[in-house]
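This report examines one helix and the charged pairs of a single structure. The sequence and the model are shown first.

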Amino acid sequence: MPTTYHGAIREFITENFLYRADMSVEDGQSLLDSGVMDSTGVLELISFLETTYGISVADNEIIPDNLDSIDRVSAYLGSKLKAA
């Protein structure tokens, strides 16, 4: 289920990683397996989350369960903000 952060995360990924008009990504699609992002892209996403939302992403939180789809990033962000 989309969270209030879903749109901003989708927009960031679309603007920064989908370079061709015919490229798209589904909310539950793996960003790494589909080639949308690589490891450098994950670091850019983390920087966006930390800067935009004032969170800190710990090294042990940089795992696919948290950052490998729009749905997962959105859920992860929601849990981080709720815990803050």
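In this predicted model, S39, L43 and T51 are exposed on one side of helix α2. The buried residues of the helix are G41, V42, L45, I46, F48 and L49. Because these buried residues cover an arc of only 160 degrees around the axis, they lie on the same side of α2. An α-helix has 3.6 residues a turn, so residues three or four places apart point the same way. The buried residues of α2 pack against three helices, namely α1 (6–17), α3 (64–67) and α4 (70–83).

The length of α2 can be checked against its residue count. Helix α2 comprises 15 residues, 39–53, which at 1.5 Å a residue should span 21 Å. The C-alpha atoms at its ends are 21 Å apart, in agreement with that expectation.

Both ends of the helix have features of their own. At the start of α2, the backbone nitrogen of T40 has a side-chain oxygen of D38 within 3.1 Å. After the helix comes G54, whose phi is positive, near 65 degrees.

Turning to charged pairs, a search of the whole structure finds 3 salt bridges. They are listed below with the separation between N and O atoms.

| Acidic residue | Basic residue | N to O distance |
|---|---|---|
| D27 | R10 | 2.5 Å |
| E61 | K80 | 3.1 Å |
| D65 | R72 | 3.6 Å |

The salt bridge of D27 with R10 ties together parts that are 17 residues apart in sequence, because D27 lies in the loop between α1 and α2 whereas R10 belongs to helix α1. D27 is partly exposed, with a relative accessible area of 24%. R10 is also partly exposed, at 28% relative accessibility.

The salt bridge between K80 and E61 links distant parts of the chain, with K80 in helix α4 and E61 in the loop between α2 and α3, 19 residues apart. Is E61 buried or exposed? Its relative accessible area is 19%, and since buried means under 20%, E61 counts as buried.

In the remaining pair, the side chains of D65 and R72 meet in a salt bridge. D65 is exposed, with a relative accessible area of 56%, whereas R72 counts as partly exposed at 37% relative accessibility.

Key:
Residues are numbered from 1 along each chain as its sequence is written. This is a predicted model: local features need pLDDT of at least 70, side-chain atom pairs count only at pLDDT 80 or more; totals for chains, interfaces and linings use all residues. Side-chain values use heavy atoms; hydrogens and water are left out. Helices (H or I, at least four residues) and strands (E, at least two) are DSSP runs, numbered from the N terminus. The expected span of a helix is 1.5 Å times one less than its number of residues. Buried means under 20% relative accessible area, exposed over 50%, partly exposed in between (1.4 Å probe, protein chains only). The arc is that of the directions from the helix axis to the C-beta atoms. Contact means heavy atoms within 4.5 Å. A polar contact is a pair of N or O atoms within 3.5 Å; within protein, one must be able to donate a hydrogen and the other to accept it, and residues adjacent in sequence count only if both atoms are side-chain atoms. A salt bridge is a side-chain nitrogen of Lys or Arg within 4 Å of a carboxyl oxygen of Asp or Glu.
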